[in-house]
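Student: Could you take me on a close look at one part of this protein, the helix packing and the core, and tell me who touches whom?

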Amino acid sequence: MKSLYARRLSLFALFALPGLAISSWVTRTPTIRDVLGASTSEMGLILLGLSAGSMIGILSSGPAVSRWGARPVMIAGTLGVVMSMPMIGIGVAMGSTPVTVLGLFLFGLGMGGGEIAMNVEGADIEKAIGRPVLPALHGFFSLGTVVGAVVGIAFTALQVPVFWHLMPIGVIALGALIIAARNIPRGTGRIERDTGERIARATKTAGWRDSRLLLIAAIVLAMALAEGTAGDWLPLVMVDGHGFDPAWGSAVYAAFAAAMTIGRFVGGRFVTRFGIVHVLRVSILLGAAGMALVIFVDNPLVAASAVVLWGLGASLGFPLALSAAGDGGADSARRVSFAATVGYVAFLVGPPVIGFLGEHSSLRVALLAPLVLVAAAAFIAPAARARDSHSSAMALMADAGQGRKD
């Protein structure tokens with residue numbers, strides 16, 4: 001059995017790689033938009049390639065993990081992320097929107113498929129060590145976005161062609177994947193065929209009948225939209241909505257990513273002290289306040305500062321809600337997969353909807369849609385309250401009887 005310490009470090013690295021890749025893309029969106037000659041609504045359609053790939057990856061990831069375990073799904077997903085970087089660069093170098101969309105589709109497919117598997121692996125580690133791990137794991141995703149954003153700012157300021165930016169990112173990610181994959185054990189989340197068929201029959205619609213799980217999934221959706229909206233649109237919001245130049249727009253995104261990173265690394269301590277519901281509600285309200293300031297205050301300095309609140313608020317919602325989904329109830333891997341799948345609908349519908357609204361009003365006004373959903377999530381935060389110890393014990397007994405291979 002792999003060392004738990006080495007396993008956790010490797011999972012930290014695998015969480016960081018998609019963050020590195022996505023911020024490398026995001027920081028170049030103003031340049032890419034100009035090279036491709038795309039309007040705001042056309043950028044929304046281009047981003048639909050990313051969203052569509054993400055949803056296909058997410059919908060296929062849960063069954064794939066159940067059949068083969070998390071490890072091969074994580075490796076395949078990360079390979080998709082690795083391959084997408086040079087493909088996006090080639091599309092931009094050619095001035096080809098279809099090739100760029102294909103690269104984004106491949107990125108979304110890899111990230112969406114790998115994301116579910118990595119969260120299942122993280123939930124398994126969390127159970128093994130008995131303390132919160134998912135916030136720190138997602139913190140490494142955010143740390144990857146900070147590193148990628150800093151590099152992206154420099155390359156944007158130096159006007160380095162997008163291809164020569166994204167190609168090295170793909171090479172670096174490939175090397176890290178090869179090293180990290182050796183420490184990830186086989187079989188996490190895998191279910192024996194006969195046991196899997198029994199569970200599938202029993203739980204085929206159980207997620208939709210579990211009101212608590214549905215509310216948690218709604219929180220995941222809202223917070224994924226808060227995080228994803230910044231990832232897809234924040235540099236352009238700063239450039240088009242607040243008058244920043246492309247390099248400074250990327251710098252504001254880097255500040256958002258840094259705030260996300262800080263929130264996720266320190267969040268576990270607050271959860272231990274104050275409980276998941278209080279921390280989740282405060283973080284949601286902080287995120288909503290930051291988004292509101294970006295939308296309503298016509299001042300670049302205030303907008304840039306508000307992005308820090310937005311990042312701190314969005315940092316914990318997604319990982320804490322997924323952790324709550326896996327708490328209690330039989331088959332935590334399927335519960336995490338269900339909540340993440342419902343939540344990731346935000347990545348499918350978010351970019352084109354915001355692009356459409358932004359084309360007909362402005363990107364700042366378009367942010368009202370995710371703001372409303374984020375604010376509403378504060379009212380359902382109590383759904384994340386941990387089950388009582390009896391329920392948790394029963395869940396552990398149920399998991400032990402499902403034939404999962406460790």
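What follows is a walk through the core, two helix pairs and a few single residues.

Tutor: Sure, and keep in mind that this is a predicted model. The backdrop first: the protein has 18 helices and zero strands. Of its 406 residues, 57% count as buried. Among contacts with a separation of 6 or more, 85% are between residues 24 or more positions apart.

Now to the core. The largest nonpolar core holds 114 residues, and M238 and W310 are the ones that touch the most other members. Helix α10, residues 211-242, gives this core its largest share, with 16 residues. Take W310 and skip anything up to four places away in sequence: this residue still touches A226, T229, A230, L234, F256, L286, G287, G290, M291, V294 and L367.

A226 and M291 from that list turn up again where α10 meets helix α12, which spans residues 276-296. The axes of these two helices come within 11 Å and cross at roughly 25°. Angles under 35 degrees count as roughly parallel, and α10 and α12 are therefore described as roughly parallel to each other. Their crossing is left-handed. On the α10 side, the contact is made by I219, M223, A226, V237, M238 and H242, and on the α12 side by L280, I284, M291 and V294. Sort the residues of this contact by class and you get nine nonpolar, one polar and no charged.

Stay with A226 for a moment, as there is a long-range partner to point out. A346 sits in helix α15, residues 345-360. In sequence A346 and A226 are 120 residues apart, but their C-alpha atoms are 8.9 Å apart in space. Is A346 buried or exposed? With a relative accessible area of 4%, A346 is buried.

Next comes another helix pair, this time running the other way. Helix α4 (residues 70-94) packs on helix α7 (residues 162-180) at an angle of about 165°, and the axes are 8 Å apart. That angle makes α4 roughly antiparallel to α7, since the cut-off for that label is over 145 degrees. This crossing, too, is left-handed. From α4, the contact takes in I75, T78, L79, V82, M85, P86, I88, G89, I90, V92 and A93. Facing them from α7 are V162, F163, L166, M167, I169, G170, A173, L174 and L177. The class tally for this contact is 17 nonpolar, three polar and no charged.

Two more single residues round off the tour. F105 belongs to helix α5, residues 97-129. At 27% relative accessibility, F105 counts as partly exposed. Leaving out residues up to four places away in sequence, F105 touches G49, L50, A52, G53 and I56. F105 and L47 are 58 residues apart in sequence, with 8.6 Å between their C-alpha atoms.

The other one is S66, in helix α3, which covers residues 40-68. S66 is buried, with a relative accessible area of 12%. Its contacts, again not counting residues up to four places away in sequence, are G189, R190, I191 and R334.

Conventions. Residues are numbered from 1 along each chain as its sequence is written. This is a predicted model: local features need pLDDT of at least 70, side-chain atom pairs count only at pLDDT 80 or more; totals for chains, interfaces and linings use all residues. Side-chain values use heavy atoms; hydrogens and water are left out. Axes are lines fitted to C-alpha atoms, for helices over the stretch in contact, and angles run from 0 to 180 degrees between N-to-C directions. Helices (H or I, at least four residues) and strands (E, at least two) are DSSP runs, numbered from the N terminus. Angles under 35 degrees count as roughly parallel, over 145 as roughly antiparallel, 65 to 115 as roughly perpendicular and the rest as oblique. A crossing is left-handed if the near helix is turned anticlockwise from the far one by less than a right angle, and right-handed if clockwise. Contact means heavy atoms within 4.5 Å. Ala, Val, Leu, Ile, Met, Phe, Trp, Tyr, Cys and Pro count as nonpolar, Asp, Glu, Lys and Arg as charged, and the others, Gly among them, as polar. Buried means under 20% relative accessible area, exposed over 50%, partly exposed in between (1.4 Å probe, protein chains only). A nonpolar core is a set of buried Ala, Val, Leu, Ile, Met, Phe, Trp, Tyr and Cys residues joined through side-chain atoms within 4.5 Å.
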